[in-house]
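Welcome, and please open the viewer. We will go from stop to stop, with something to select at each one.

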Amino acid sequence: MAGSFEASDGLSSRERRALETLLTRLGDDEFVLAERYTEWQVRAPSLESDLALANNAQDELGHARLWYDVLADVGLDERALAYERDPADFRHGTLVELPFETGDWADAVLRSYLYDVAEDLRLEALTASSHPKIADRVGKIRSEEKYHREHARSWLERLAEDDDGRGRLQDALDRLFPHALTLFEPAVPPRLGAKASENDVAKAAAVDADVVDLGLRTATLEELRSEWLSIVVPFLESLDLAVAVDRDAENPEADLDALLPDARGRDGAHTEAWFDLHDELTRTYRELGRTETTTIMEAPDG
Amino acid sequence: MTHDGTAGVEGGDLDDEANDADRDHGSVCAYTEYRRGDESPTDVPRTGAAADGLEEAVWDALAGVEDPEMPIGVVDLGLIYDVRVDDGSVVVEMTLTYSGCPARTMLTENVEEAVAAVDGVDDVGVRLVWSPEWTVEMVSESGRDALREFGLSV
(Lines give C-alpha, C1' and ligand atoms only; values in the text may rest on other atoms or scores of the structure.)
Protein backbone atom coordinates (compact mmCIF):
# COMPACT_ATOMS: atom_id res chain seq x y z
CA MET A 1 0.00 0.00 0.00
CA ALA A 2 1.85 3.06 -1.24
CA GLY A 3 1.63 6.07 0.99
CA SER A 4 0.92 9.55 -0.19
CA PHE A 5 3.91 11.78 0.20
CA GLU A 6 2.62 14.52 -2.08
CA ALA A 7 2.27 16.79 0.94
CA SER A 8 4.74 16.75 3.79
CA ASP A 9 2.20 17.75 6.41
CA GLY A 10 -0.41 15.28 7.47
CA LEU A 11 1.92 12.29 7.36
CA SER A 12 0.96 9.51 9.72
CA SER A 13 3.50 8.62 12.34
CA ARG A 14 4.28 5.40 10.43
CA GLU A 15 4.91 7.32 7.21
CA ARG A 16 7.00 9.91 8.93
CA ARG A 17 9.14 7.33 10.70
CA ALA A 18 9.73 5.39 7.48
CA LEU A 19 10.63 8.57 5.60
CA GLU A 20 13.00 9.84 8.29
CA THR A 21 14.70 6.49 8.64
CA LEU A 22 15.23 6.09 4.90
CA LEU A 23 16.54 9.62 4.35
CA THR A 24 18.82 9.52 7.36
CA ARG A 25 20.56 6.37 6.18
CA LEU A 26 20.88 7.75 2.64
CA GLY A 27 22.16 11.17 3.68
CA ASP A 28 24.47 9.94 6.42
CA ASP A 29 26.22 7.42 4.16
CA GLU A 30 27.01 10.17 1.68
CA PHE A 31 27.95 12.77 4.26
CA VAL A 32 30.39 10.57 6.17
CA LEU A 33 31.96 9.04 3.06
CA ALA A 34 32.55 12.53 1.65
CA GLU A 35 34.30 13.47 4.86
CA ARG A 36 36.56 10.42 4.70
CA TYR A 37 37.41 10.97 1.03
CA THR A 38 38.65 14.48 1.74
CA GLU A 39 41.46 12.94 3.80
CA TRP A 40 43.06 11.90 0.50
CA GLN A 41 43.40 15.42 -0.78
CA VAL A 42 47.03 16.09 -1.69
CA ARG A 43 47.83 12.48 -0.68
CA ALA A 44 46.48 10.38 -3.55
CA PRO A 45 49.04 8.61 -5.77
CA SER A 46 48.71 10.99 -8.71
CA LEU A 47 47.36 14.45 -9.36
CA GLU A 48 44.54 13.01 -11.44
CA SER A 49 43.46 10.52 -8.80
CA ASP A 50 43.70 13.25 -6.18
CA LEU A 51 41.35 15.46 -8.16
CA ALA A 52 39.06 12.55 -8.97
CA LEU A 53 38.59 11.60 -5.34
CA ALA A 54 38.18 15.23 -4.26
CA ASN A 55 35.51 15.54 -6.91
CA ASN A 56 33.80 12.37 -5.72
CA ALA A 57 33.83 13.79 -2.20
CA GLN A 58 32.14 16.94 -3.42
CA ASP A 59 29.55 14.85 -5.29
CA GLU A 60 28.76 12.81 -2.18
CA LEU A 61 28.44 15.93 -0.09
CA GLY A 62 26.05 17.39 -2.65
CA HIS A 63 24.01 14.19 -2.58
CA ALA A 64 23.91 14.18 1.21
CA ARG A 65 22.49 17.68 1.07
CA LEU A 66 19.83 16.59 -1.42
CA TRP A 67 18.64 13.94 1.01
CA TYR A 68 18.82 16.21 4.03
CA ASP A 69 16.79 18.77 2.04
CA VAL A 70 13.88 16.38 1.97
CA LEU A 71 14.10 16.04 5.75
CA ALA A 72 13.72 19.82 5.94
CA ASP A 73 10.11 19.30 4.90
CA VAL A 74 9.43 17.39 8.08
CA GLY A 75 11.07 20.07 10.18
CA LEU A 76 14.63 18.81 10.38
CA ASP A 77 17.17 21.47 9.63
CA GLU A 78 20.14 20.59 7.42
CA ARG A 79 22.72 22.34 9.54
CA ALA A 80 21.42 20.73 12.69
CA LEU A 81 21.42 17.32 11.01
CA ALA A 82 24.99 17.71 9.87
CA TYR A 83 26.58 19.51 12.78
CA GLU A 84 24.40 19.44 15.87
CA ARG A 85 23.24 15.86 15.95
CA ASP A 86 24.59 13.45 18.50
CA PRO A 87 27.08 11.16 16.72
CA ALA A 88 25.12 8.13 17.98
CA ASP A 89 22.11 9.32 15.98
CA PHE A 90 23.85 8.85 12.64
CA ARG A 91 22.70 5.84 10.65
CA HIS A 92 25.45 5.35 8.06
CA GLY A 93 26.91 1.88 7.63
CA THR A 94 30.31 1.36 9.26
CA LEU A 95 31.94 0.93 5.83
CA VAL A 96 32.02 4.70 5.35
CA GLU A 97 33.27 5.65 8.80
CA LEU A 98 36.34 3.40 9.04
CA PRO A 99 39.64 5.23 8.75
CA PHE A 100 41.70 4.38 5.70
CA GLU A 101 44.75 2.32 6.43
CA THR A 102 47.52 4.90 6.25
CA GLY A 103 48.42 5.61 2.65
CA ASP A 104 46.54 2.54 1.42
CA TRP A 105 45.09 3.55 -1.92
CA ALA A 106 43.80 0.01 -2.40
CA ASP A 107 41.52 0.61 0.58
CA ALA A 108 40.20 3.84 -0.95
CA VAL A 109 39.36 2.43 -4.38
CA LEU A 110 37.99 -0.86 -3.08
CA ARG A 111 35.79 0.90 -0.57
CA SER A 112 34.57 3.23 -3.27
CA TYR A 113 33.73 0.28 -5.50
CA LEU A 114 31.85 -1.65 -2.81
CA TYR A 115 29.91 1.45 -1.84
CA ASP A 116 29.18 2.84 -5.29
CA VAL A 117 27.76 -0.42 -6.62
CA ALA A 118 25.48 -0.57 -3.59
CA GLU A 119 24.50 3.04 -4.07
CA ASP A 120 23.61 2.57 -7.70
CA LEU A 121 21.32 -0.33 -6.84
CA ARG A 122 19.53 1.55 -4.10
CA LEU A 123 19.13 4.60 -6.34
CA GLU A 124 17.58 2.37 -8.97
CA ALA A 125 15.14 1.22 -6.30
CA LEU A 126 14.26 4.86 -5.57
CA THR A 127 13.53 5.82 -9.18
CA ALA A 128 9.85 5.10 -8.79
CA SER A 129 9.61 6.22 -5.17
CA SER A 130 6.18 7.22 -3.92
CA HIS A 131 7.81 10.37 -2.57
CA PRO A 132 8.00 12.85 -5.47
CA LYS A 133 10.97 14.73 -4.05
CA ILE A 134 12.97 11.53 -3.69
CA ALA A 135 12.15 10.45 -7.24
CA ASP A 136 13.01 13.96 -8.46
CA ARG A 137 16.60 13.62 -7.23
CA VAL A 138 17.51 10.15 -8.44
CA GLY A 139 18.33 10.94 -12.08
CA LYS A 140 20.67 13.76 -11.18
CA ILE A 141 22.52 11.71 -8.59
CA ARG A 142 22.85 8.64 -10.80
CA SER A 143 24.25 10.69 -13.66
CA GLU A 144 27.03 11.86 -11.35
CA GLU A 145 27.62 8.49 -9.72
CA LYS A 146 28.44 6.51 -12.83
CA TYR A 147 31.86 8.16 -12.97
CA HIS A 148 32.62 6.96 -9.45
CA ARG A 149 32.15 3.34 -10.47
CA GLU A 150 34.22 3.77 -13.60
CA HIS A 151 37.00 5.33 -11.57
CA ALA A 152 36.96 2.61 -8.93
CA ARG A 153 36.78 -0.26 -11.43
CA SER A 154 39.65 1.03 -13.53
CA TRP A 155 41.85 1.45 -10.46
CA LEU A 156 40.94 -2.01 -9.16
CA GLU A 157 41.96 -3.50 -12.50
CA ARG A 158 45.27 -1.66 -12.45
CA LEU A 159 46.10 -2.56 -8.87
CA ALA A 160 45.22 -6.20 -9.40
CA GLU A 161 47.75 -6.53 -12.21
CA ASP A 162 50.66 -7.40 -9.94
CA ASP A 163 51.10 -9.43 -6.79
CA ASP A 164 51.85 -6.51 -4.52
CA GLY A 165 48.78 -4.55 -5.60
CA ARG A 166 46.56 -7.61 -5.49
CA GLY A 167 47.82 -8.45 -2.03
CA ARG A 168 46.88 -5.00 -0.80
CA LEU A 169 43.45 -5.32 -2.37
CA GLN A 170 42.94 -8.70 -0.72
CA ASP A 171 43.86 -7.26 2.69
CA ALA A 172 41.49 -4.36 2.15
CA LEU A 173 38.75 -6.71 0.98
CA ASP A 174 39.11 -8.97 4.02
CA ARG A 175 38.90 -5.95 6.27
CA LEU A 176 36.12 -4.05 4.48
CA PHE A 177 33.78 -6.74 3.22
CA PRO A 178 31.96 -7.33 6.53
CA HIS A 179 31.46 -3.59 6.87
CA ALA A 180 30.14 -3.33 3.32
CA LEU A 181 27.42 -5.78 4.34
CA THR A 182 26.19 -3.24 6.91
CA LEU A 183 24.96 -1.11 4.01
CA PHE A 184 22.11 -3.60 3.65
CA GLU A 185 21.18 -3.73 7.32
CA PRO A 186 17.91 -2.17 8.45
CA ALA A 187 18.37 1.13 10.26
CA VAL A 188 17.05 1.75 13.71
CA PRO A 189 14.61 4.67 13.41
CA PRO A 190 16.59 7.78 14.28
CA ARG A 191 15.34 9.25 17.54
CA LEU A 192 17.08 12.52 16.83
CA GLY A 193 17.90 13.52 20.34
CA ALA A 194 16.82 10.50 22.36
CA LYS A 195 18.83 7.34 22.97
CA ALA A 196 17.85 4.34 20.93
CA SER A 197 16.43 1.57 23.05
CA GLU A 198 16.50 -2.19 22.54
CA ASN A 199 12.93 -1.83 21.46
CA ASP A 200 14.03 0.43 18.59
CA VAL A 201 16.64 -2.04 17.46
CA ALA A 202 13.99 -4.72 17.22
CA LYS A 203 11.86 -2.31 15.25
CA ALA A 204 14.44 -1.63 12.54
CA ALA A 205 13.40 -4.47 10.26
CA ALA A 206 9.73 -3.58 10.60
CA VAL A 207 10.41 0.05 9.71
CA ASP A 208 12.35 -1.00 6.64
CA ALA A 209 9.44 -3.19 5.64
CA ASP A 210 7.32 -0.04 5.93
CA VAL A 211 9.73 1.82 3.66
CA VAL A 212 9.02 -0.76 0.94
CA ASP A 213 5.35 -1.17 1.77
CA LEU A 214 4.80 2.59 1.49
CA GLY A 215 6.56 2.60 -1.85
CA LEU A 216 9.37 4.89 -0.73
CA ARG A 217 11.83 2.31 -2.05
CA THR A 218 10.77 -0.46 -4.38
CA ALA A 219 13.24 -3.19 -3.38
CA THR A 220 13.90 -4.84 -0.04
CA LEU A 221 17.30 -4.74 1.58
CA GLU A 222 17.64 -8.49 1.00
CA GLU A 223 16.99 -7.99 -2.70
CA LEU A 224 19.52 -5.17 -2.86
CA ARG A 225 22.15 -7.23 -1.08
CA SER A 226 21.60 -10.19 -3.32
CA GLU A 227 21.87 -8.00 -6.44
CA TRP A 228 24.99 -6.37 -5.05
CA LEU A 229 26.62 -9.75 -4.44
CA SER A 230 25.76 -10.85 -7.96
CA ILE A 231 27.77 -7.90 -9.28
CA VAL A 232 30.69 -7.45 -6.89
CA VAL A 233 31.58 -11.10 -6.24
CA PRO A 234 32.14 -12.13 -9.89
CA PHE A 235 34.00 -8.88 -10.62
CA LEU A 236 36.33 -9.23 -7.63
CA GLU A 237 36.88 -12.91 -8.42
CA SER A 238 37.76 -11.95 -11.98
CA LEU A 239 40.63 -9.97 -10.45
CA ASP A 240 41.79 -13.11 -8.63
CA LEU A 241 40.56 -11.82 -5.29
CA ALA A 242 38.94 -14.19 -2.82
CA VAL A 243 35.60 -13.05 -1.46
CA ALA A 244 34.52 -14.50 1.88
CA VAL A 245 31.21 -15.64 0.50
CA ASP A 246 30.27 -19.05 -0.71
CA ARG A 247 27.28 -18.31 -2.84
CA ASP A 248 26.68 -22.01 -3.38
CA ALA A 249 26.57 -22.68 0.36
CA GLU A 250 23.57 -24.38 1.84
CA ASN A 251 22.46 -21.26 3.65
CA PRO A 252 24.30 -18.26 2.18
CA GLU A 253 22.10 -15.74 3.99
CA ALA A 254 23.07 -17.11 7.40
CA ASP A 255 26.73 -17.15 6.37
CA LEU A 256 26.52 -13.51 5.40
CA ASP A 257 24.78 -12.54 8.63
CA ALA A 258 27.59 -14.26 10.54
CA LEU A 259 30.13 -12.04 8.78
CA LEU A 260 28.50 -8.81 9.97
CA PRO A 261 30.55 -6.77 12.44
CA ASP A 262 29.23 -6.18 15.96
CA ALA A 263 28.71 -2.47 15.38
CA ARG A 264 26.84 -1.91 12.16
CA GLY A 265 26.28 1.81 12.16
CA ARG A 266 22.72 1.38 10.93
CA ASP A 267 21.79 0.14 14.38
CA GLY A 268 23.18 3.24 16.07
CA ALA A 269 26.29 1.36 17.24
CA HIS A 270 29.48 2.69 15.69
CA THR A 271 33.19 2.01 15.77
CA GLU A 272 35.35 4.32 17.88
CA ALA A 273 36.69 5.84 14.66
CA TRP A 274 33.33 7.46 14.00
CA PHE A 275 33.33 9.43 17.23
CA ASP A 276 36.80 10.78 16.50
CA LEU A 277 35.82 11.70 12.96
CA HIS A 278 32.64 13.36 14.17
CA ASP A 279 34.58 15.39 16.70
CA GLU A 280 36.90 16.55 13.96
CA LEU A 281 34.29 17.35 11.35
CA THR A 282 32.17 19.40 13.76
CA ARG A 283 35.09 21.30 15.31
CA THR A 284 34.99 24.32 13.02
CA TYR A 285 31.24 24.57 13.46
CA ARG A 286 31.55 24.41 17.23
CA GLU A 287 34.19 27.10 17.14
CA LEU A 288 32.28 29.48 14.90
CA GLY A 289 31.61 31.79 17.80
CA ARG A 290 35.15 31.87 19.13
CA THR A 291 36.76 35.24 19.61
CA GLU A 292 40.42 34.27 20.04
CA THR A 293 42.73 32.97 17.37
CA THR A 294 44.76 29.83 17.78
CA THR A 295 48.40 30.51 18.50
CA ILE A 296 51.14 28.08 17.59
CA MET A 297 53.72 29.57 19.96
CA GLU A 298 53.99 31.88 22.90
CA ALA A 299 54.13 35.56 22.02
CA PRO A 300 57.75 36.64 22.15
CA ASP A 301 58.63 38.93 25.06
CA GLY A 302 58.62 42.66 24.44
CA MET B 1 13.96 28.49 0.88
CA THR B 2 16.79 28.60 3.33
CA HIS B 3 15.99 26.70 6.44
CA ASP B 4 19.16 27.79 8.17
CA GLY B 5 18.77 28.04 11.86
CA THR B 6 15.01 28.12 11.80
CA ALA B 7 14.40 24.75 13.37
CA GLY B 8 16.45 22.54 15.59
CA VAL B 9 16.53 18.80 15.59
CA GLU B 10 13.39 17.60 17.22
CA GLY B 11 13.55 15.13 20.01
CA GLY B 12 10.61 13.18 21.25
CA ASP B 13 9.16 9.78 20.89
CA LEU B 14 8.17 8.88 17.40
CA ASP B 15 5.83 6.26 18.75
CA ASP B 16 3.70 8.84 20.41
CA GLU B 17 0.88 9.59 18.01
CA ALA B 18 -0.46 12.48 20.05
CA ASN B 19 2.96 14.04 20.27
CA ASP B 20 3.37 13.64 16.54
CA ALA B 21 0.11 15.33 15.77
CA ASP B 22 1.14 18.33 17.82
CA ARG B 23 4.07 19.08 15.62
CA ASP B 24 3.79 21.94 13.25
CA HIS B 25 5.17 20.64 9.99
CA GLY B 26 3.51 23.20 7.77
CA SER B 27 5.45 26.25 8.86
CA VAL B 28 8.83 24.92 7.85
CA CYS B 29 8.22 24.43 4.18
CA ALA B 30 5.19 26.10 2.76
CA TYR B 31 5.35 24.52 -0.67
CA THR B 32 4.25 20.98 -0.96
CA GLU B 33 3.06 20.50 -4.52
CA TYR B 34 5.75 18.41 -6.05
CA ARG B 35 5.99 17.36 -9.61
CA ARG B 36 6.66 13.71 -10.17
CA GLY B 37 10.14 12.96 -11.42
CA ASP B 38 8.84 10.68 -14.13
CA GLU B 39 6.43 13.28 -15.45
CA SER B 40 9.04 15.87 -16.07
CA PRO B 41 7.88 18.66 -18.31
CA THR B 42 9.64 18.98 -21.62
CA ASP B 43 9.13 22.73 -21.66
CA VAL B 44 11.98 23.61 -19.32
CA PRO B 45 13.91 25.68 -18.84
CA ARG B 46 11.62 28.65 -19.24
CA THR B 47 12.71 32.11 -20.22
CA GLY B 48 9.59 34.18 -19.55
CA ALA B 49 9.30 35.26 -23.17
CA ALA B 50 5.52 35.41 -23.06
CA ALA B 51 5.22 36.87 -19.57
CA ASP B 52 3.57 40.19 -18.89
CA GLY B 53 2.79 42.42 -15.94
CA LEU B 54 4.37 41.48 -12.64
CA GLU B 55 5.53 38.14 -14.03
CA GLU B 56 7.48 39.94 -16.74
CA ALA B 57 9.11 42.18 -14.12
CA VAL B 58 10.09 39.07 -12.16
CA TRP B 59 11.67 37.51 -15.27
CA ASP B 60 13.55 40.75 -15.95
CA ALA B 61 14.92 40.67 -12.41
CA LEU B 62 15.92 37.01 -12.81
CA ALA B 63 17.73 37.80 -16.06
CA GLY B 64 19.98 40.10 -14.06
CA VAL B 65 21.13 37.37 -11.67
CA GLU B 66 24.57 36.24 -12.79
CA ASP B 67 26.24 32.91 -12.30
CA PRO B 68 29.09 33.50 -9.83
CA GLU B 69 31.67 31.65 -11.92
CA MET B 70 30.82 32.48 -15.52
CA PRO B 71 29.62 35.64 -17.28
CA ILE B 72 26.10 34.37 -17.86
CA GLY B 73 22.76 34.97 -16.20
CA VAL B 74 20.76 32.20 -14.55
CA VAL B 75 17.97 32.51 -17.14
CA ASP B 76 20.36 32.17 -20.10
CA LEU B 77 22.09 29.30 -18.35
CA GLY B 78 18.75 27.51 -18.29
CA LEU B 79 18.45 27.15 -14.54
CA ILE B 80 14.97 28.61 -14.19
CA TYR B 81 12.32 25.95 -14.68
CA ASP B 82 9.23 27.87 -13.61
CA VAL B 83 7.95 31.15 -12.21
CA ARG B 84 4.50 31.30 -10.68
CA VAL B 85 2.98 34.60 -9.63
CA ASP B 86 -0.11 34.72 -7.48
CA ASP B 87 -0.88 38.34 -6.57
CA GLY B 88 2.33 39.45 -4.90
CA SER B 89 3.40 35.95 -4.07
CA VAL B 90 6.10 34.45 -6.28
CA VAL B 91 7.45 30.93 -6.46
CA VAL B 92 10.59 30.30 -8.51
CA GLU B 93 11.53 26.73 -9.41
CA MET B 94 15.12 26.38 -10.38
CA THR B 95 17.80 23.75 -10.76
CA LEU B 96 21.59 23.78 -10.58
CA THR B 97 24.08 22.43 -13.05
CA TYR B 98 25.68 20.26 -10.35
CA SER B 99 24.30 18.79 -7.14
CA GLY B 100 27.47 19.61 -5.22
CA CYS B 101 27.51 23.21 -6.44
CA PRO B 102 29.40 25.16 -3.79
CA ALA B 103 27.58 28.34 -4.82
CA ARG B 104 24.20 26.79 -4.12
CA THR B 105 23.19 29.03 -1.25
CA MET B 106 24.63 32.09 -2.94
CA LEU B 107 22.64 31.46 -6.11
CA THR B 108 19.33 30.75 -4.42
CA GLU B 109 19.76 33.77 -2.17
CA ASN B 110 20.64 36.02 -5.09
CA VAL B 111 17.54 34.82 -6.93
CA GLU B 112 15.42 35.36 -3.86
CA GLU B 113 16.78 38.88 -3.29
CA ALA B 114 16.43 39.91 -6.93
CA VAL B 115 12.80 38.82 -7.05
CA ALA B 116 11.99 40.31 -3.65
CA ALA B 117 13.26 43.70 -4.88
CA VAL B 118 10.66 43.81 -7.69
CA ASP B 119 7.88 46.33 -7.10
CA GLY B 120 4.70 44.51 -6.23
CA VAL B 121 6.35 41.33 -4.93
CA ASP B 122 5.38 40.61 -1.33
CA ASP B 123 7.00 37.26 -0.80
CA VAL B 124 9.28 34.87 -2.65
CA GLY B 125 9.85 31.15 -2.42
CA VAL B 126 12.75 29.55 -4.27
CA ARG B 127 12.54 25.81 -4.74
CA LEU B 128 15.36 23.68 -6.05
CA VAL B 129 14.23 20.89 -8.35
CA TRP B 130 16.42 18.26 -10.02
CA SER B 131 14.24 16.77 -12.75
CA PRO B 132 14.71 17.00 -15.59
CA GLU B 133 18.44 17.09 -15.13
CA TRP B 134 20.10 20.21 -16.40
CA THR B 135 22.13 19.72 -19.56
CA VAL B 136 24.18 22.08 -21.65
CA GLU B 137 21.41 21.95 -24.27
CA MET B 138 19.36 24.09 -21.91
CA VAL B 139 21.65 27.10 -22.36
CA SER B 140 20.07 29.79 -24.57
CA GLU B 141 21.65 30.90 -27.85
CA SER B 142 22.84 34.19 -26.39
CA GLY B 143 24.09 32.27 -23.36
CA ARG B 144 26.13 29.99 -25.62
CA ASP B 145 27.68 33.01 -27.28
CA ALA B 146 28.63 34.40 -23.89
CA LEU B 147 30.16 31.11 -22.80
CA ARG B 148 32.12 30.77 -26.05
CA GLU B 149 33.38 34.30 -25.61
CA PHE B 150 34.46 33.24 -22.11
CA GLY B 151 36.46 30.39 -23.63
CA LEU B 152 34.20 27.39 -23.07
CA SER B 153 33.32 25.07 -25.92
CA VAL B 154 29.57 24.70 -26.01
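Is D107(A) buried or exposed? Select D107(A): with a relative accessible area of 0%, this residue is buried. Here buried means under 20% relative accessible area, exposed means over 50%, and partly exposed lies in between (1.4 Å probe, protein chains only).

A word on what you are looking at: this is a predicted model, in which local features need pLDDT of at least 70, side-chain atom pairs count only at pLDDT 80 or more, and totals for chains, interfaces and linings use all residues. Residues are numbered from 1 along each chain as its sequence is written, chains are lettered from A and ligands numbered from 1 in the order in which they are written, and side-chain values use heavy atoms, with hydrogens and water left out.

**Stop 1: the whole of chain A**

Colour chain A by secondary structure and you will find 11 helices and 0 strands. Helices (H or I, at least four residues) and strands (E, at least two) are DSSP runs, numbered from the N terminus. The C-alpha atoms of chain A fill a box of roughly 70 × 60 × 35 Å along the principal axes. Of its 302 residues, 58% count as buried.

**Stop 2: a salt-bridge network**

Go back to D107(A) and add R175(A): their side chains meet in a salt bridge, 3.0 Å from N to O. This pair links distant parts of the chain, with R175(A) in helix 6 (residues 163-181) of chain A and D107(A) in helix 4 of chain A, 68 residues apart. A salt bridge is a side-chain nitrogen of Lys or Arg within 4 Å of a carboxyl oxygen of Asp or Glu. R175(A) is partly exposed, at a relative accessible area of 28%. Now select E101(A), D104(A), D107(A), R111(A), D164(A), R168(A) and R175(A) together, which salt bridges with shared partners join into one network.

**Stop 3: two more salt bridges**

Next, select R266(A) and D29(A), whose side chains form a salt bridge of 2.9 Å, N to O. R266(A) sits in the loop between helix 9 (252-259) and helix 10 (272-281) of chain A and D29(A) in helix 1 (residues 13-37) of chain A, so the pair ties together parts that are 237 residues apart in sequence. R266(A) is buried, at 0% relative accessibility, and D29(A) is buried with a relative accessible area of 0%.

Then try R65(A) and E78(A), a salt bridge whose closest N and O atoms are 2.9 Å apart. R65(A) counts as partly exposed at 23% relative accessibility, while E78(A) counts as buried at 18%.

**Stop 4: a charge without a salt bridge**

Select D50(A) in helix 2 (residues 47-72) of chain A. What is the nearest side chain of opposite charge to D50(A)? It is R43(A), 8.0 Å away, and D50(A) is buried yet has no salt bridge. For charges, Lys and Arg count as positive and Asp and Glu as negative; His and the chain ends are not counted.

**Stop 5: a loop in chain B**

Finally, move to A117(B), in the loop between helix 3 (104-116) and strand 3 (123-128) of chain B. A117(B) counts as exposed, at 63% relative accessibility. Add A61(B): the C-alpha atoms of these two residues are separated by 8.3 Å, although they are 56 residues apart along the chain.
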